[in-house]
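Got your viewer open? Let's take a walk through this model, one selection at a time.

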Amino acid sequence: MDVQTLTKPSVLILLGPPGAGKGTQARMLQDKFGLVQLSTGDLLRAAVAAGTEAGKKAKAVMEAGDLVSDDIVIAILKDRLAEPDTAKGVILDGFPRTTAQAEALDDLLDQTGQSINAAISLEVDDDAMVTRISGRYTCATCGEGYHDSFKKPAVEGVCDNCGGTEMKRRADDNAETVGARLAAYHAQTAPLIDYYDRKGALRRIDAMGTIDKIASDMGSIVKDVSA
Ligand code: AMP
């Protein structure tokens, strides 16, 4: 796919409950516009796998479906944002998730003279999220996302993107943990929709449609706020 160049580097935030499609859409925007996907969930899973101090603290919290402490997540995000590739523009996938994180992000961006182009809220029905999450898995090699019902690879067990044959499912993608993750979203993250609305940065998307329709709506927003 040709990468479409944006006139100005963008900071885009994807808001939405677990299962809304933030990761899938962030990857598509990354490929289409050359932006960098920055997923705090991925960064935390990497920290857990590497056995870092932050990873050790985060592991049990993530398994329970609760939110990792603001201090840990903000520190991880700050380190990642300091890496040079993020100058192309970033898509924040899963961050911020609390008002404290949103305020910390505002401060960080103030320091670098950047601002948020858009906070895109992926609007979905909670009931559908359990089904979406329970069926999902990714390629262990390249991270491409698949779903038992909605997005199967062309050849079963073989990644369309890289040909990898090892697929993995997340430890927290099970029915028990999904309930806790949805509750954490509504209690702590949903208020950010108002937070960004008040700043005039909020864009809403109906995220119950097909992946391609949502991607096309997202693409229009990105071009609109970054051209
Ligand atoms: P995700 O991959 O975005 O669904 O995140 C998986 C888990 O990582 C969440 O259920 C939280 O436990 C933790 N996590 C990811 N991002 C954050 C964040 N911004 N703040 C707190 N916890 C987070």
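Start by selecting Thr5, which counts as exposed at 77% relative accessibility (exposed is over 50% relative accessible area, buried is under 20%, and partly exposed is in between, using a 1.4 Å probe and protein chains only). You'll find Thr5 in the segment before β1 (10-15). Strands and helices here are DSSP runs numbered from the N terminus, with at least two residues (E) for a strand and at least four (H or I) for a helix. Now add Gly163 to the selection: the C-alpha atoms of Thr5 and Gly163 are separated by 28 Å, and the two residues are 158 apart along the chain.

A quick word on what you're looking at: this is a predicted model, where local features need pLDDT of at least 70 and side-chain atom pairs count only at pLDDT 80 or more, while totals for chains, interfaces and linings use all residues. Residues are numbered from 1 along each chain as its sequence is written, and side-chain values use heavy atoms, with hydrogens and water left out.

**Next stop: another exposed spot**

Select Ala82. Where is it? Ala82 sits in the loop between α4 (70-81) and β3 (89-93). With a relative accessible area of 62%, Ala82 is exposed. Show Ile221 as well, and you have two C-alpha atoms 26 Å apart, from residues separated by 139 positions along the chain.

**Next stop: the ligand**

Now click on the ligand. Which residues come nearest to the ligand? Of the 16 residues around it, they are Thr40, Asp66, Gly94, Arg97 and Gln101 (a residue is near if one of its heavy atoms lies within 4 Å). Helix α2 (residues 40-50) gives the largest share of this shell, with 4 residues. Sorted by type, the shell has 6 nonpolar, 4 polar and 6 charged residues. For that sorting, Ala, Val, Leu, Ile, Met, Phe, Trp, Tyr, Cys and Pro count as nonpolar, Asp, Glu, Lys and Arg as charged, and the others, Gly among them, as polar.

Zoom in on some atoms. A backbone N or O atom of Gly94 is 2.9 Å from a nitrogen atom of the ligand. For Arg97, a polar side-chain atom lies 2.9 Å from a ligand nitrogen. Gln101 has a side-chain N or O atom 2.9 Å from a nitrogen atom of the ligand. Taken alone, the ligand exposes 470 Å², and the protein buries 96% of that (areas by the Shrake-Rupley method with a 1.4 Å probe; for residues, only the protein chains shown count as cover).

While you're here, select Phe95 and Pro96. The peptide bond from Phe95 to Pro96 is cis, with omega near -5 degrees. In general, most peptide bonds are trans. Pro96 belongs to the loop between β3 and α5 (99-112).

**Next stop: charged pairs**

Side chains of opposite charge can pair when their charged atoms come close. How many salt bridges does the structure hold? There are 17, a salt bridge being a side-chain nitrogen of Lys or Arg within 4 Å of a carboxyl oxygen of Asp or Glu.

Select Arg136 and Asp173: their closest N and O atoms are 2.8 Å apart in a salt bridge. This pair links distant parts of the chain, with Arg136 in strand β5 (residues 136-139) and Asp173 in the loop between β7 (167-168) and α7 (175-189), 37 residues apart. Arg136 is partly exposed at 24% relative accessibility, while Asp173 is buried at 11%.

Add Arg170, whose side chain also meets that of Asp173 in a salt bridge (3.9 Å, N to O). Arg170 counts as partly exposed, at 29% relative accessibility. Then bring in Asp172 and Arg181: together with Arg136, Arg170 and Asp173, they are linked in a network of salt bridges. Arg181 is in helix α7 and is buried, with a relative accessible area of 10%. Its side chain reaches the backbone oxygen of Asp172 at 2.7 Å.

For one more pair, select Arg203 and Asp224, a salt bridge with its closest N and O atoms 2.7 Å apart. Arg203 lies in strand β8 (residues 202-206) and Asp224 in helix α9 (residues 211-226), so the pair ties together parts 21 residues apart in sequence. Arg203 is partly exposed at 29%, and Asp224 is exposed at 52%.

Key
A polar contact is a pair of N or O atoms within 3.5 Å; within protein, one must be able to donate a hydrogen and the other to accept it, and residues adjacent in sequence count only if both atoms are side-chain atoms.
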